[in-house]
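Got your viewer open and a hand on the mouse? Let's take a walk through this one, a stop at a time.

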Amino acid sequence: MVKENIRWLYQAIGLEKWLSKSQIIEPISGGMQEVEPTDSILSGPNTENENYISWLDEHPCALTSFHQMMIPAKGKQIVVFLDYDGTLSPIVNDPNRAFMSDPMRSAVHEVARHFPTAIISGRSRDKVYEFVKLDDVYYAGSHGMDIMGPPLLAKSYHDKYQINAQDEKGKEFTIFQPAQEYLPSIGKMLKELKTRTLDIPGALVEDNMFCISVHYRHVLEEDYEALEQIVWSVLSDYSCFHMTRGKKVMEIRPSIKWNKGDALEYLLDTLGFADSSNVLPFYLGDDKTDEDAFKVLKKRGQGYPIVVSSIPRETSASYSLRDSSEVLSFLIRLARWGETSA
């Protein structure tokens with residue numbers, strides 16, 4: 001009874017940090033179970049969270065709003081889109097160790113059993129798959145410039161960018177890559193950046209196929225300016241590319257009109273929901289690049305853009321989740337809803 005009262009209190013103010021240690025076990029009788037945390041110490045809000053709680057008035061917690069959000073979902077096709085870093089996995093110091101937890105993997109798998117599900121990330125598509133290791137979801141890497149989607153070719157997109165293929169198990173899918181012609185230039189920049197940043201301790205240049213990420217989380221403050229100058233210097237020789245910024249990362253990307261919002265629309269198209277009024281997309285993401293997808297949903301007047309953030313920020317999202325632990329709880333609820341509504 002005490003635990004239930006605490007649960008209610010934390011839900012009422014939009015914080016469910018105590019769920020951060022919840023685990024998922026294998027489905028039992030067609031459902032999923034959350035295991036109560038073994039640690040009885042509950043971390044609650046403090047004065048630093050006052051602005052965040054006020055921000056929740058405009059971007060309510062998707063956990064506490066879940067039942068209200070699902071009222072319009074009955075009779076509609078839910079489609080789920082997920083960012084990876086900071087959403088399905090916490091932001092970590094070493095980007096090569098941004099592993100997905102087994103409970104999160106299980107939750108995504110359960111969601112994908114009931115609804116078409118895609119992961120749209122700035123990482124290379126192959127790298128995201130190595131982290132996720134699920135065959136029942138679609139993958140879009142390089143901020144949507146490398147998509148593995150349903151086997152239906154989208155008629156509104158040029159055929160030279162999309163091909164049908166099969167995996168080793170015979171499963172058919174479509175590969176869509178609208179920035180193919182930029183690969184030679186990306187290869188040259190990648191080689192130059194790796195060479196020129198060798199003298200910057202902590203700098204990490206990551207090959208994400210259709211974009212290049214220069215991480216500086218471990219770079220000393222006094223070395224950051226030199227690193228930034230190197231990136232700008234390399235970029236100056238390639239007028240068809242531009243730089244964007246993320247969390248402790250500079251990214252070089254082709255200057256084409258394509259982003260995560262376009263990837264979302266492409267996947268909805270190939271799933272057969274391009275002009276459908278019977279679809280309800282969910283998009284969960286924490287990065288600035290996810291705002292493009294949030295804006296698409298706003299423009300369509302369909303679905304729920306959900307930002308993952310523990311601090312107040314400008315966003316086009318309608319709802320929010322605090323961190324990846326709340327994402328886990330939300331996905332569990334969504335999977336359960338799908339099970340009971342089938």
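Start by selecting K133, which sits in the loop between α5 and β5. Keep in mind that what you're looking at is a predicted model. Check the backbone here: K133 has a positive phi of about 60 degrees, though it isn't a glycine. Most residues other than glycine have a negative phi. Is K133 buried or exposed? Show the surface and you'll find that K133 counts as exposed, because its relative accessibility is 56%, and the cut-off for exposed is over 50%.

**Step back to the helix**

K133 comes just after α5, so select that helix next, residues 125-132. Which of its residues are buried? Colour R125, K127, V128, F131 and V132: these are the buried ones. Now look down the helix axis. The five lie on the same side of α5, because they cover an arc of only 160 degrees around the axis.

What lies over that side? Among the elements covering the buried residues of α5 are two that you'll meet again shortly, α4 (102-114) and β4 (117-120). The cover also includes strands β5 (138-141), β6 (146-149), β8 (172-176) and β9 (204-207).

**On to the hairpin**

Select β5 and β6 together. They run antiparallel, with 3 bridges joining them. For one rung of that ladder, pick Y139 and look across to M148, its bridge partner in β6.

Now zoom in on the turn. The hairpin has 4 residues between its strands, and S142 takes a positive phi near 55 degrees there. S142 is another residue other than glycine with a positive value, and its place is in the loop between β5 and β6. How much of S142 is accessible? Its relative accessible area is 0%, so S142 is buried, whereas K133 counts as exposed.

Stay with β6 for a moment and turn the strand over. Both of its faces are covered: D146 and M148 are buried on one side, I147 and G149 on the other. β6 also has β8 as a partner; the two run antiparallel and are joined by 3 bridges. Click G149 and you'll see T174 as its bridge partner in β8.

**A strand with two partners**

Next, select β3, residues 77-82. This strand is mostly covered, with 5 of its 6 residues buried. What does β3 pair with? One partner is β13 (residues 279-285), in the parallel sense over 6 bridges. Another is β4, also parallel, joined to β3 by 3 bridges.

F81 is the handy residue to click here. F81 stands opposite Y283 in β13, and its bridge partner in β4 is A118. Add α4 to the selection and follow the chain: β3, α4 and β4 make a right-handed β-α-β unit.

**Into the cores**

Keep F81 highlighted and add L193 and W258. In the largest nonpolar core, which has 53 residues, these three touch the most other members. In soluble globular proteins, nonpolar side chains tend to be buried together.

What does W258 touch, leaving aside its neighbours within four places in sequence? Show the residues around it: W258 is in contact with H143, G144, M145, I147, Y157, F176, P178, R253, A263 and Y266. You've already met I147, on one of the covered faces of β6.

There's a second, separate core too, with 46 residues; select F66, M70, A112 and L321 to see some of its members.

**One more loop**

Jump to A317, in the loop between β14 (304-308) and β15 (319-321). A317 is buried, with a relative accessible area of 3%. Not counting residues up to four places away in sequence, it touches H59, E291, F294, K298, P305, I306 and V307. Now add E58: A317 and E58 are 259 residues apart in sequence, yet their C-alpha atoms are 9.4 Å apart in space.

**Zoom out**

Finish with the whole protein chain on screen. How many helices and strands are there? There are 10 helices and 15 strands. Of the chain's 342 residues, 54% count as buried. Among contacts with a separation of 6 or more, 63% are between residues 24 or more positions apart. Switch on the surface for the last view: the chain exposes about 16,400 Å², and carbon and sulfur atoms supply 51% of it.

Terms used:
Residues numbered from 1 in each chain as written. Predicted model: local features only at pLDDT ≥ 70, side-chain atom pairs only at ≥ 80, totals over all residues. Heavy atoms only, no water. Buried < 20%, exposed > 50% of the residue type's maximum accessible area, 1.4 Å probe, protein only. Arc of directions from axis to C-beta. Contact = heavy atoms within 4.5 Å. Pairing = 2+ DSSP bridges. Right-handed = clockwise from strand over helix to strand, strands pointing away. Core = buried A, V, L, I, M, F, W, Y, C linked by side-chain atoms within 4.5 Å. Areas by Shrake-Rupley, 256 points an atom, 1.4 Å probe, with all protein chains shown as cover.
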